[in-house]
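Dear colleague,

Please find below the structure I should like to hand over to you. My findings follow it.

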Amino acid sequence: MEPLASPSQQRRFLLLLLLFAAAALDGPAPVARAGLPGSWELLVADAGIASMHTAVTRFNTVVLLDRTNIGPSRLRLPHGRRCRRDPRGAAFKRDCYAHSAVLDLATNRIRPLTILTDTWCSSGQFLPDGSLLQTGGDLDGVRKIRRFAPCDPAGDCDWVELDRVELSNGRWYGTNQILPDGSVIVVGGRAANTVEYYPPREGGAVFFPFLADAGDKQMDNLYPYVHLLPDGHLFVFANDRAVSFDHKLARVVRQYPPLEGGPRNYPSAGSSMMLALDGAHDTAVIVVCGGAPYGAFIERNTDSPARGSCGRIVATAAEPSWEMEDMPFGRIMGDMVMLPTGEALIINGAQAGTQGFELASDPCLFPVLYRPDQPAGLRFMTLNPSTIPRLYHSTANLLPDGRVLIAGSNPHYFYKFNAEFPTELRIEAFSPEYLSPDRANLRPALDEIPATVRYGEAFDVYVSVTLPVVGIVEVNLNSAPFATHSFSQGQRLVKLAVTGAVPDGNGRYRIGCTAPPSTVVAPPGYYMAFAVNQGVPSVARWVQLIA
């Protein structure tokens, strides 16, 4: 008698039948299969590397970063470029393959970059000057600090590994968050229950007992979810609990109720986001979704069903409590992307297993739109599915044109292409429904906006729209986060106070705006500024917020 298929194999078979039926109905085009919103396009057929960490720069380029010490990628360093040397290397002692690259969004061309130390499961954050700070990793990279100063796509900017400064503690699976003064806090990591700062502060790393208490036999306190609240404190979530942390005094000032549903952080593979800051910018709502049941990682259980529950909490409330709701699918390793509209995209991941090499199954191919302003029970909308599984080490990032870049997925220790879920070198873009052709007449063009804005400053922007403007045109600022391991470090959306759109002739309108009131609402740095008309965003322009 033939053995029965596992539950995850049965679910995957049913999903494939659904996709096949949808394709038969809709034809070969990848747009809106089975009538579901959104569309997919392939940007790069072979990027050469699987991007474990991804960030979008103000030059409309994308930094792709894998780990080193994994053998050959499919992208070589140019002749004459310095090769990586590592006497302890598992695959090479002298490695002339690229493990980082930059993607030009205008041409979809890839340019290799040079990484000399191991960036495996590291962290990052953009600094106020627009350069990307990158910290930690494994082996020779565990205490390393790197910077990438982005440049025009025609330039030759590359990674710089800092020699005169290093982390006080090794940071493997840590989290970065920019602070109101433009410095960066580095939180946690494997066997690092501490916080430290860049630029370094006197005294180095500071013990953070909360992280130690949140750990369990399978860790579950790695890659903590860190959000800067508009009161200046940090919301830090690990395992199934959260605190408000005063980063100036390095102490906990509030404990939140525990979140039901088991562990949510690495390796249990949930995700988190802070919703848009708007109005008076003094209310912060945090959402935590998905995850694997406790024990799935220890038992290496690839068929353990993922949790579909989400918790939502007003972190700034006098008496905060978690509001629970369920996603349409159980999901681990999902990425949560804040869209310019204030809605969020939940994408990538699996419906069974846990984080780790070859520990997940049953890919979750369907993205979900989270609509925070809808009542509980009506907030989730299932979207057009992908055909490419994106499991462990995949990423998702908002692009300046409103699409979402999807990259990575390598559930293997080395690159492995002959497998059920192979190492994935393709890069895709997902277009939310707001970019559908039937909304093109509503899409504004952001014609004019200052390149630099000071806090609290009043300024005008000019937009053009084909159809007459009805209602308020929003002007919203999206940060460019560092995406890795199902969490976008530093992700933030701030909705500006605006006046009504005043006609300026020929479909053009003037909108009065007021910049964020302070650095606790929006830390200094570069943001994508979007005009949003009836739920349809413009192509963004980059704006620098300065004190």
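Two strands are taken as paired if DSSP finds at least two bridges between them. In this predicted model, strand 26 (residues 350-353) and strand 27 (residues 360-363) meet that condition, with three bridges in the antiparallel sense. Gly353 has Ala360 of strand 27 as its bridge partner. The two strands, 26 and 27, form a hairpin with six residues between them, and Gly356 in the turn has a positive phi of about 125 degrees.

A further point concerns an open sheet of four strands, in the order 8-9-10-11 and with antiparallel pairing. Strand 8 (123-126) and strand 11 (159-161) stand at its edges with a single partner strand each, so one side of each has no neighbour in the sheet. On average, neighbouring strands here are turned by 20 degrees against each other, direction ignored. Within this sheet, strand 10 (residues 145-148) is joined to strand 11 by three bridges, and Arg146 has Glu161 in strand 11 as its bridge partner.

As to the whole, the protein chain has three helices and 45 strands. Its radius of gyration is 22 Å, close to the 24 Å that the globule rule gives for 547 residues, so the chain is as compact as a globular protein of that length. The C-alpha atoms fill a box of roughly 70 × 65 × 55 Å along the principal axes. Buried residues account for 61% of the 547 residues. Of the contacts between residues at least 6 apart in sequence, 62% join residues at least 24 apart. The chain exposes about 20,700 Å², of which carbon and sulfur atoms supply 53%.

With kind regards

Methods. Residues are numbered from 1 along each chain as its sequence is written. This is a predicted model: local features need pLDDT of at least 70, side-chain atom pairs count only at pLDDT 80 or more; totals for chains, interfaces and linings use all residues. Side-chain values use heavy atoms; hydrogens and water are left out. Axes are lines fitted to C-alpha atoms, for helices over the stretch in contact, and angles run from 0 to 180 degrees between N-to-C directions. The radius of gyration is taken over C-alpha atoms; the globule rule is 2.2 Å times the number of residues to the power 0.38. Buried means under 20% relative accessible area, exposed over 50%, partly exposed in between (1.4 Å probe, protein chains only). Contact means heavy atoms within 4.5 Å. Accessible areas come from the Shrake-Rupley method with a 1.4 Å probe; for residues, only the protein chains shown count as cover.
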